[in-house]
Amino acid sequence: MKQGKIVPAIVVDHIRPHKGDYELFWDESNWQPLCKQCHDRKTATEDSNFARGRGV
């Protein structure tokens, strides 16, 4: 929706990466629906930032 498109959301994304934190993983207030393409893009950006030591 932020991009002006409406497509089915098929992935539940963690707004803040849980990094193995079980409680954060299951915290529904940390979930957002995304299409797969947006989720993959967001995750790739986050993973890249972590690799560079920048966090999210």
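Buried means under 20% relative accessible area, exposed over 50%, and partly exposed in between, with a 1.4 Å probe and protein chains only. This is a predicted model: local features need pLDDT of at least 70, side-chain atom pairs count only at pLDDT 80 or more, and totals for chains, interfaces and linings use all residues. Residues are numbered from 1 along each chain as its sequence is written, and side-chain values use heavy atoms, with hydrogens and water left out.

**Exercise 1. Classify Pro 8 as buried or exposed, and place it in the chain.**

Step 1. Take the relative accessibility of Pro 8, which is 64%. Pro 8 therefore counts as exposed.

Step 2. Find the segment. Pro 8 sits before β1 (11-14). Strands here are DSSP runs of E, at least two residues, and helices are runs of H or I, at least four, numbered from the N terminus.

Step 3. Look across the chain. Leu 34 is 26 residues away along the chain, yet its C-alpha atom is 7.9 Å from that of Pro 8.

**Exercise 2. List the order of the elements from the N terminus.**

Step 1. Count them: two helices and two strands.

Step 2. Read them from the N terminus: β-α-β-α.

**Exercise 3. Find how many disulfides the protein has, and explain the count for Cys 35 and Cys 38.**

Step 1. Recall the bond. A disulfide is a covalent bond between the sulfur atoms of two cysteines. The rule used here asks for a pair of cysteine sulfur atoms within 2.5 Å.

Step 2. Apply the rule. The closest cysteine sulfur to that of Cys 35 is in Cys 38, at 3.5 Å, so it is too far for a bond.

Step 3. Give the count: zero disulfides.

Step 4. Add the exposure. Cys 35 is buried because its relative accessibility is 15%. Cys 38, at 21%, counts as partly exposed.

**Exercise 4. Describe the largest pocket by its volume and lining.**

Step 1. Fix the term. On a 1 Å grid over the protein atoms alone, a pocket is an open set of points where a 1.4 Å probe fits, with protein on both sides within 12 Å along at least five of seven lines; lining residues have an atom within 4 Å of a point.

Step 2. State the volume, the space filled by probe spheres set on the points. The largest pocket holds about 520 Å³.

Step 3. Name the lining. There are 16 lining residues, and Met 1, Lys 2, Pro 33, Leu 34 and Cys 38 lie nearest the centre.

Step 4. Assign elements. β2 (31-34) and α2 (36-51) each supply at least two lining residues. α2 gives the most, with four.
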